[in-house]
Amino acid sequence: MGKMDKMAAADLIMGLFLIVFGGIAIRTSLNMKVYKTFLDAPGFFPFILGIIFIFLGSVMTFSSFRRKGFEQIKQSIKNFQIIYLFSNIKFKRVMILIALMVIYIFIFIDRLNFIIATALYLFFTLYYLKSANIIKIIFISIITSYLISAFFTSFFRIPLP
Amino acid sequence: MMFDSFLQQVNLFFHAFTAQLYLTNILIIAFATLMGIIIGAIPGLTATMALALLINLSYGMQFDLAISFLLGVYVGAIMGGCYSAIMINIPGTPAAAATALDGFPLAKRGEGGLAIGAGVIASFVGMLISIACLIFITPFIYKIALKFGQWEYFLLAVFGVMICGNLSTGKDPVKGWVVGFLGFFTAMIGLDKVYAYPRFTLGLLQLKGGISLIPALIGVFGISEILIVLEEEIPYKILGKITKIIPSWKTIYSLIPTAIRSGIIGVGIGAVPGAGEDVAAWVAYDVGKRSSKQGEKFGTGCLEGVAAAETANNACIGGAMIPLLTLAIPGSPPAAMFLAAIWLHGVQPGPMLPIEHPGFLYEVAISLLIATFFMLILGLIIAKPIASILKIRREILMPIVLPLTVIGAYAGGVRIFDIKVTFFFGILGYILRKLDYPMAPLVLGIILGPLADISFRQALMQSRGSLIPLLGRPVGIVLLVAIAWIAYSGFRRTIEYTRKHTQKDTGMIQEG
């Protein structure tokens, strides 16, 4: 199965998502306050966008349906391809990188000093990517986070998180 | 009257020329161009990424220095992409993808240095053509733009997203339009500009201010790029040594017609909202291949191919500045980054710009010109040392980019929430890119969304809901016809794409 064929299933899901999203956008915009007339109301333009999303979503759904997108989804469920996805090396790599970013942005930056937060993030990410040997990784993590911090605060007087 | 106006423009040009020629400014431009070249040369760090990362440094600068700095980065980064495209067959920026087709075969033959030299000189010529067009065309567009009413602005915003969606997706334009309108929707989040009514804020106080442009851009182009690059390990090695760099005068002379033609193509495509440097390079390469006497040699290691692509992608910069300065519509993703930066410094581009900041156009042109000369000099000088920069492992470099994107997102508004916005848009950008959705229409949609919203509502209010007044507006009619044509041709492409794949699938089933 080629790349294009796989896209048909993704396009079908996206098309259906757009139809639902457009419906929600229309409903939410109709509930927004009308001051003078609806043409001038805050909900008017989002309402139009909702209609556009439903239209484009329908085009995508129809197109992907013709390209056997539905059959592909059925096939994927039947063959447990979603389980294969989780064992895919690229997928795992991206998920771990995203998890490291989440820890850095949502936990470390809020709670730790920027230099420490950045050094920890760099250490774990470089270690996971096997970018260098452990001594080099420790060295790169500490020096880089210190240099970034010093460069922006002292040289350019830019606030850090 | 016309002569007076011309003299006034000449006066403004020379005023800008003298105002820009001071040591700090020149040094800033030299530094920025060098940084741009280095970042642009590193595979995975695009020109937009270069601006996203270095925009931090411009926050603390005076306005004119910040502008010079960002333009230097922009010019350097677009040219810098040619080094890695030629030496390792991985374009440093998407704009240099067409360069690799002939540059890499040249490098394999041991003529990588000459290819780089031709690329740098071609970029220089492209920049000169684009600066000349910027200076001479922009004042006319200003005059036309002054006559724009609410209808024209609304249609222009829709036209921008539609044409960008059409040009940035090869097979299925609907995908480009979907992300463009998602960009419009993103711009709706926050307080309504007319009644200050909260829209789609999900009850979050931070969302009432809307989605800040720079964090969203940094996420879409920065974080998604980090994930795309680190997703897989692509080993690469540098082939051959860089020996002779500057081509002979005879070779340079033979490339002039290609450079002029590609330069004009580059400016034209650059002026189309959101089309970008990569589209310009591909189109110029294709036109070059068709019109050259050596067309059959394109793709086998032909200097003309390198010159066509490199002239066009740099010429696109000046072209992209024309709609940016006159209508506040960026011609390419890096130009969108530049627009966000000048908004941050309090300058509002558009038809009122020559009245509010009379010399601004010429200041931009002079900064571009200085950056162009530095690009030529530095580009040729650092051709040999750049090989060692290309050896930096991406597994070390890309994780270091994340803290820089975090600072870029935070420093503009000093809000932790903006870092979270960057992360969200990074993940969104990554998913959409994996599903073959282009990013340029999304960014253009976020930029043009408020304009489309306000101008459409005001136009309808003025006409009491009637579309008839639009029929009396020539520019409006032209835009409307253009939108209808883009929609028609786009849907036809989608239908053809669907038909082609339906037949292919049916064939596969029958064969199976």
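**Exercise 1. State in which helix of chain B Lys143(B) lies, and work out whether Lys143(B) counts as buried, exposed or partly exposed.**

Solution. In this predicted model, Lys143(B) belongs to helix H6 of chain B, which covers residues 112-146. The next step is to count its neighbours: there are 13 C-beta neighbours inside 10 Å of Lys143(B). A residue is buried with 20 or more such neighbours and exposed with 12 or fewer, so Lys143(B), with 13, counts as partly exposed. A last step looks along the chain, where Pro351(B) is 208 residues away from Lys143(B), although the C-alpha atoms of the two are separated by 7.5 Å.

**Exercise 2. Find what end-to-end span helix H12 of chain B should have, and compare it with the model.**

Solution. Helix H12 of chain B runs over residues 303-327 and has 25 residues. The expected span takes 1.5 Å times one less than the number of residues, so H12(B) should span 36 Å. Its end C-alpha atoms are 37 Å apart, which agrees with that expectation. The helix nevertheless contains a kink of about 30 degrees, centred on Ile317(B). As for its surroundings, 25 of the 25 residues of H12(B) are buried, and the helix is followed by Ala328(B), whose phi is positive, near 60 degrees.

**Exercise 3. Decide how the radius of gyration of chain B compares with the globule rule, and describe the fold around that value.**

Solution. Begin with the secondary structure of chain B, which comprises 20 helices and 2 strands. For its 512 residues the globule rule gives 24 Å, and the radius of gyration is 23 Å, close to that value, so chain B is as compact as a globular protein of that length. Along the principal axes, the C-alpha trace of chain B spans about 75 × 70 × 50 Å. Then consider burial and contacts: 60% of the residues of chain B count as buried, and among its contacts with a separation of 6 or more, 79% join residues 24 or more positions apart.

**Exercise 4. Describe the side of chain A that touches chain B, naming the helix that gives the most to it.**

Solution. Chain A is divided into domain 1 (3-86) and domain 2 (89-156), whose centres, taken over C-alpha atoms, are separated by 37 Å. Across the interface, 53 residues of chain A are in contact with 51 residues of chain B. Helices H1, H2, H5, H6 and H7 of chain A each supply at least two residues to this side, and H2(A) gives the most, with 11 residues. Sorted by character, the residues of this side divide into 37 nonpolar, 7 polar and 9 charged.

Technical notes: Residues numbered from 1 in each chain as written. Chains lettered and ligands numbered in written order. Predicted model: local features only at pLDDT ≥ 70, side-chain atom pairs only at ≥ 80, totals over all residues. Domains from an automatic or database assignment. Contact = placed C-beta atoms within 7 Å. Helix = DSSP H or I, 4+ residues; strand = E, 2+ residues; numbered from the N terminus. Nonpolar A, V, L, I, M, F, W, Y, C, P; charged D, E, K, R; others polar. Rg over C-alpha atoms; globule rule 2.2 N^0.38 Å. Bend = angle between axes of the 7 residues up to and from the residue.
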